[in-house]
Amino acid sequence: MNIHFDYIEDKVEFFEAIDLKTLEAKINAQIEENKPLMLRVHHVGHQMHVDEKGKTFFTAVVHFKAK
């Protein structure tokens, strides 16, 4: 029986929220979850959208890479 472990070298995650504070909290929580996997933030992209009713919507994509 052979056991083979693959390491996660890259991971991309997407987040969404109705305000920046919530979006930041979601990203920070995921950063803490990825620390034991030895993943750190490589790049963050974000965007804001305002719908026809004037309601804001925030999204972010976070690229994690192995240390």
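# Salt bridges, core and surface in a predicted model

The side chains of Lys11 and Glu13 meet in a salt bridge, with 3.1 Å from N to O, in what is a predicted model.

Q: How many salt bridges are there, and which residues form the one with Glu32?
A: Side chains of opposite charge can pair when their charged atoms come close. One such pair is Lys11 with Glu13, at 3.1 Å from N to O, and Glu32 forms another with Lys35, where the closest N and O atoms are 3.1 Å apart. The count therefore comes to two salt bridges under the 4 Å rule, and the partner of Glu32 is Lys35.

Q: Is Glu13 buried or exposed?
A: Glu13 lies in strand β1, and its salt-bridge partner Lys11 is partly exposed at 23% relative accessibility. Glu13 itself has a relative accessibility of 14%, and since buried means under 20%, Glu13 counts as buried.

Q: Which side chain makes a polar contact with Glu13 at 3.3 Å?
A: The side chain of Glu13 makes a polar contact with that of Lys11 at 3.1 Å, which is not the distance asked for. Leaving aside neighbours within four places in sequence, Glu13 is in contact with Gln30, Asn34, Ala60, Val61, Val62 and Phe64. From that list, the residue whose side chain makes a polar contact with the side chain of Glu13 at 3.3 Å is Gln30.

Q: How exposed are the two residues of the salt bridge between Glu32 and Lys35?
A: Glu32 has a relative accessibility of 47%, while Lys35 has 45%. Because exposed means over 50% and buried under 20%, Glu32 counts as partly exposed, and Lys35 likewise counts as partly exposed.

Q: Which element gives the largest share of the largest nonpolar core?
A: In soluble globular proteins, nonpolar side chains tend to be buried together. Here the largest nonpolar core has nine residues, namely Phe15, Ala17, Leu23, Ile27, Leu39, Phe58, Ala60, Val62 and Phe64. The elements that give two or more residues to this core are β1, α1 (20-34) and β3 (56-66), and the largest share, four residues, comes from β3.

Q: Which core residue is in contact with Leu39, leaving aside neighbours within four places in sequence?
A: With those neighbours left aside, Leu39 is in contact with Ile8, Glu9, Lys11, Asn34, Phe64, Lys65 and Ala66. Comparing this list with the nine residues of the largest nonpolar core, the residue found in both is Phe64.

Q: Which residues make the nonpolar surface patch of about 490 Å²?
A: Ile3 lies in the segment before β1 (10-17), and its relative accessible area of 61% makes Ile3 exposed. Ile3 is one of the residues of this patch, which is made by Met1, Ile3 and Phe5.

Q: What is the C-alpha distance in space between His42 and Ala60?
A: His42 is found in strand β2 (residues 39-50) and counts as partly exposed at 48% relative accessibility. Leaving aside neighbours within four places in sequence, His42 is in contact with His63, Phe64 and Lys65. His42 and Ala60 are 18 residues apart in sequence, and their C-alpha distance in space is 13 Å.

Q: What is the C-alpha distance in space between Lys67 and Leu23?
A: Lys67 is found in the segment after β3, where it counts as exposed at 68% relative accessibility. Leaving aside neighbours within four places in sequence, Lys67 is in contact with Met38 and Arg40. Lys67 and Leu23 are 44 residues apart in sequence, and their C-alpha distance in space is 24 Å.

Note on methods
Residues numbered from 1 in each chain as written. Predicted model: local features only at pLDDT ≥ 70, side-chain atom pairs only at ≥ 80, totals over all residues. Heavy atoms only, no water. Buried < 20%, exposed > 50% of the residue type's maximum accessible area, 1.4 Å probe, protein only. Patch = residues over 30% accessible without salt bridge, like charges linked within 9 Å, V, L, I, M, F, W, Y side chains within 5 Å. Areas by Shrake-Rupley, 256 points an atom, 1.4 Å probe, with all protein chains shown as cover. Polar contact = N/O pair within 3.5 Å; in protein donor to acceptor, adjacent residues only side chain to side chain. Contact = heavy atoms within 4.5 Å. Core = buried A, V, L, I, M, F, W, Y, C linked by side-chain atoms within 4.5 Å.
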